[in-house]
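Hello,

Here is the structure I promised to pass on to you. Please have a look at it, and then read on for what turned up.

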Amino acid sequence: DYTLYLVTDSGLIPEGLTIYDQVEAALRNGVTIVQLREKTLETKDFIERANKIHELTLKYKVPLIINDRVDVLLACGAEGLHIGQDDMDPIVARKLIGDDKILGLSCSKETEIERVIDNLEECKIDYIGIGAVFQTNTKKLKKIPFGNKGIRRLLLKLRDYKNGIGKDIKSVIIGGLNKSNIQGVLYTSSVPGKATDGVAVVSCIMGEKDAGKATTDTLDSIQKAGPWYKNIDNGENNSDFKLVPTDKSILNVQRLNPLVHHITNEVVTNFSANVTIAIGGSPIMSQLAGDFKDLKKIPNAGFLLNAGTITEITIPIQIAAIKEYNSYGVPVILDPVGCGATAARKEYMKKLLNSGHYFSVIKGNSGEILTASDIGLGVEMKGCDAIENEDNKENLIKAAKKLALEQRCVVVVSGKEDIIVDGVMEGRDINLAEYNPNTLIQRAVKIVGGHELMGKITGSGCSLGSTITTFVAARQALDTFSSVVNAVRLYNEAGYRAGIVSKGPGSFMSNFIDELYLLS
């Protein structure tokens with residue numbers, strides 16, 4: 001059972017405690033496998049420590065894995081060995097330890113997985129250690145952490161081998177994982193037909209004064225769906241893909257008066273606030289980190305992160321807000337404004353989408369969605385605007401479906417025709433491992449409407465994010481996909497009505513607010 005895989009580090013142990021205290025507390029509270037990693041101990045001391053740790057693991061009927069040292073494994077009789085790419089050849093290791101021992105190997109590249117598969121009959125690898133997922137202080141990394149996307153790439157290799165041959169090679173993920181990000185990583189890193197079998201941790205247990213509680217908390221993070229999962233459709237409302245009527249969404253907004261916390265483009269703050277009020281929401285604009293712990297507890301709250309005017313100072317504040325809202329199940333809507341405009345923005349968005357955060361909705365124009373999905377990395381942007389061309393159109397739905405499925409969220413592509421794609425897979429599953437990748441069905445809706453004057457004012461795209469967040473926050477009895485579709489329908493209808501009675505962009509803005517209010 002690889003569910004919670006503890007890797008020891010004696011250098012992290014709090015004052016007054018021993019490695020034996022930490023390991024036993026972890027075993028008592030649910031750790032399912034232990035790896036003893038000691039890089040600095042002399043052989044005699046390593047064996048002595050291994051024998052004592054093995055007594056504990058035998059007591060709790062949990063396997064002990066020795067890191068790198070075959071001699072220590074043979075001396076203490078541990079159940080398995082873990083080696084890295086720079087350690088002993090796995091074929092040689094298997095010959096030395098015998099067929100009855102567990103053998104694990106660290107892999108961070110697809111080519112390393114391929115070598116395992118090519119030599120599987122001889123090395124008989126039992127599990128792959130996939131990492132490092134994120135940056136970690138417990139080990140000096142030789143390779144750049146690869147995040148959720150790296151996990152998916154390696155799992156695809158393992159899945160394809162399993163489907164072709166039938167051998168299911170187990171895997172655990174490791175590197176910078178803790179109770180704050182495990183649920184998001186597990187939810188978004190699985191691929192159709194294959195999910196990781198466990199999570200390996202070091203500091204979040206070994207470095208804690210109460211290792212028992214830390215173990216329980218970490219195990220809960222692995223075994224339970226994220227707190228935001230309760231906001232995802234349970235399949236009851238739309239198993240036949242029928243959408244909830246728009247008027248039901250509007251009534252929910254008016255009745256619940258949802259709080260919409262904006263960290264948004266400074267250029268459109270006032271307009272976004274007015275749009276939120278017009279449709280029945282309650283806007284707040286705050287970048288004070290101390291606010292987030294209180295705001296997340298307000299019933300029917302939603303958080304809109306608009307990356308239009310990001311700075312080096314605001315990026316850590318945005319990340320802190322995402323973590324707070326994710327921890328409490330508050331829906332987070334991401335508008336990656338201008339993410340394809342510069343190399344710095346692309347890098348920021350890549351890290352944001354690859355760091356274990358969960359977004360209920362990602363909304364952007366064609367260039368932003370193509371960039372975020374990695375399908376259109378070369379897409380041409382003019383500031384925050386995408387330059388439309390036929391190649392973009394051909395790739396757009398493909399990009400939206402890919403991004404939605406990878407992030408397990410709803411994706412909105414705004415433009416002359418708005419495209420909405422569901423990656424939650426009706427919300428019935430916690431991971432995608434049970435699904436046949438050839439029969440996956442993603443709901444997708446195209447909405448035509450609005451008015452050309454919407455493209456002549458600042459903030460029409462940004463305030464669509466405000467509308468979506470308001471509707472998703474008023475989520476009782478509504479699934480995310482239906483809420484988003486209804487928000488876009490309302491927004492486009494208001495734009496159309498305002499456009500036909502306006503003389504130009506100036507009058508359109510006030511008429512648009514009026515029409516949103518009247519329709520709501």
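Let me begin with a pair inside one helix: Arg497 and Glu493 sit four residues apart in helix H19 (residues 480-500), so about one helical turn separates them. Their side chains meet in a salt bridge, with an N to O distance of 2.8 Å. Arg497 is partly exposed at 35% relative accessibility, and Glu493 is partly exposed too, with a relative accessible area of 32%. Please keep in mind that this is a predicted model.

That pair brings me to salt bridges in general. How many salt bridges does a search of the whole structure find? The count is 23.

Another of these joins the side chains of Glu38 and Arg49, at 2.9 Å from N to O. Glu38 belongs to the loop between strand S2 (33-36) and helix H2 (43-59), while Arg49 is in helix H2 itself, so this pair ties together parts that are 11 residues apart in sequence. Are these two residues buried or exposed? Glu38 has a relative accessible area of 6%, which makes this residue buried. Arg49 is buried as well, at 19%; the cut-off for buried is under 20%.

Next, have a look at Asp197 and Lys170, whose side chains form a salt bridge with an N to O distance of 4.0 Å. Asp197 is found in the loop between helix H8 (182-189) and strand S8 (198-201), and Lys170 in strand S7 (residues 170-174), so the salt bridge links parts that lie 27 residues apart in sequence. Asp197 counts as partly exposed, with 25% relative accessibility, and Lys170 also counts as partly exposed, at 30%. Both residues belong to a network of salt bridges, in which they are linked with Asp168 and Lys194.

Finally, a residue to look up in the loop between S7 and H8: Asn181. With a relative accessible area of 10%, Asn181 is buried. What does Asn181 touch, leaving aside residues up to four places away in sequence? The answer is Phe134, Gly176 and Gly356. A polar atom of the Asn181 side chain also lies 3.0 Å from the backbone nitrogen of Asn178.

If you would like a place to start, try the helix H19 pair, Arg497 and Glu493, and then move on to the network that includes Lys170 and Asp197.

Best wishes

Terms used:
Residues are numbered from 1 along each chain as its sequence is written. This is a predicted model: local features need pLDDT of at least 70, side-chain atom pairs count only at pLDDT 80 or more; totals for chains, interfaces and linings use all residues. Side-chain values use heavy atoms; hydrogens and water are left out. Helices (H or I, at least four residues) and strands (E, at least two) are DSSP runs, numbered from the N terminus. Buried means under 20% relative accessible area, exposed over 50%, partly exposed in between (1.4 Å probe, protein chains only). A polar contact is a pair of N or O atoms within 3.5 Å; within protein, one must be able to donate a hydrogen and the other to accept it, and residues adjacent in sequence count only if both atoms are side-chain atoms. Contact means heavy atoms within 4.5 Å.
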